[in-house]
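Hi everyone, thanks for coming along this morning. Let's put the picture up on the screen and walk through it together.

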Amino acid sequence: MMNGMERKAEQFEVHRNHLQAVAYRMLGSLSEAEDAVQETWVRLSRSDTSDVVNLGGWLTTVVSRVSLDMLRSRKSRREESMETHLPETFATHSDRNDPEHEALLADSVGLALLVVLDNLNPAERIAFVLRDIFAIPFNEIAPIVGKSETAVRQLASRARRRVQGTGKTDDAGIALQRELVDAFLAASRVGDFDALVAALDPDVVVRDDRRTAQSNVTRGAKALAMHISGRAQAAQSALVNGKVGAIVAPRGKLLYILQFTLIHGKIVEVDLISEPSRIREMNLAVLDV
């Protein structure tokens, strides 16, 4: 016969994968998601759940509240020292997790979505993830974020607009931009030098804010193609300030953004942006699949 704690542990394991999926989308970090799930288990082990009818719903509420607290703590640290905290946000946790596993997990969620979600405030992120990804009713989300059901609807709606982007009136133009950018990124991933050169204007200019002022500009299609061939595995197209650009986010951790200037079906300018203060000014949104 199992005792009460063993029964709780068995029931918890049934829901563990779901809880990790919820926490990962809220936090964007596998190690932090695992911390949230572990804290959820601690709270379950200390709680009397004999009257709980829907344990899965109860656990989802708990892991959501834990994740919200972690997001608010993260936001507080950013406000206290934005410049020093941002690199930590972009850091990986290879010492605690399998990088390949986290890369696959991030890719399955969508690198662009993880990056864009990180731009939402904690309550918006919780509302969007629970409603739009996991279809949790608004009346169940409201007590988690401590707001009315009407306020939660507004949070989710505002988050949805930010995730999907606003003012996209030229769908045909966006489609053409995406076709060129995706072809460029695909050629880079597989190291197709000729396809890379074909996507670029012969006199393409690349500006890289990671380099000094004297060496931050690269010119010429062949020079750029040689530099990036085979190096775009972590890149994915996204809307950047209303135009198709790219984010480079290994395992969902944003390293830099690429902005493109496209003329007559060629890439004529590329701006690589990695400075945190500049990234914060970018309006990022996901592209429809």
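Thr60 counts as buried because its relative accessibility is 9%, and buried here means under 20% relative accessible area, with exposed being over 50% and partly exposed in between, using a 1.4 Å probe and protein chains only. Thr60 lies in helix α3, residues 55–80. Helices are DSSP runs of H or I with at least four residues, strands are runs of E with at least two, and both are numbered from the N terminus. Setting aside neighbours within four places in sequence, Thr60 is in contact with His18, Leu19 and Leu130, where contact means heavy atoms within 4.5 Å.

Before we go on, a word about what we are looking at. This is a predicted model, in which local features need pLDDT of at least 70 and side-chain atom pairs count only at pLDDT 80 or more, while totals for chains, interfaces and linings use all residues. Residues are numbered from 1 along each chain as its sequence is written, and side-chain values use heavy atoms, leaving out hydrogens and water.

Leu130, one of those contacts of Thr60, takes us to helix α7. How many of the 12 residues of α7 are buried? Nine are, so to speak mostly covered, and Leu130 is among them, as are Ile126 and Phe128. The helix spans residues 122–133 and reaches 16 Å from its first C-alpha to its last, close to the 16 Å expected; that expected span is 1.5 Å times one less than the number of residues. At the N-terminal end of α7, Asn121 acts as a cap, with a side-chain oxygen 3.1 Å from the backbone nitrogen of Ala123. After α7 comes Ala135, with a positive phi near 55°.

Now, Ile126 touches Met26, Ser64, Ser67, Leu68, Leu71, Ile144 and Val145, not counting residues up to four places away in sequence. Ile126 and Leu130 are also among the residues with the most contacts inside the largest nonpolar core, which has 59 residues. A nonpolar core is a set of buried Ala, Val, Leu, Ile, Met, Phe, Trp, Tyr and Cys residues joined through side-chain atoms within 4.5 Å. In soluble globular proteins, nonpolar side chains tend to be buried together.

Ile247 is another of the residues with the most contacts in that core, and it brings us to the strands. Which residue is the bridge partner of Ile247? It is Gln236. Strand β3, residues 235–240, and β4 run antiparallel, joined by six bridges; two strands pair if DSSP finds at least two bridges between them. Two residues sit between the strands of this hairpin, and Asn241 takes a positive phi near 55°. Strand β4, residues 243–248, is largely enclosed by the rest of the structure, because five of its six residues are buried. On to β5, residues 256–263: three bridges join it to β4, again antiparallel, and Val248 stands opposite Tyr256.

Zooming out, seven strands form an open sheet with mixed pairing, in the order β2-β1-β6-β5-β4-β3-β7. The edge strands are β2 and β7, each pairing on one side only.

One last stop is Leu111, in helix α6, residues 111–117. Is Leu111 buried or exposed? Leu111 counts as buried, because its relative accessibility is 7%. The C-alpha atoms of Leu111 and Ile247 are separated by 8.2 Å, though the two are 136 residues apart along the chain. Leu111 is in contact with Ile247 and also, among others, Gln236, leaving aside neighbours within four places in sequence.

Conventions: A polar contact is a pair of N or O atoms within 3.5 Å; within protein, one must be able to donate a hydrogen and the other to accept it, and residues adjacent in sequence count only if both atoms are side-chain atoms.
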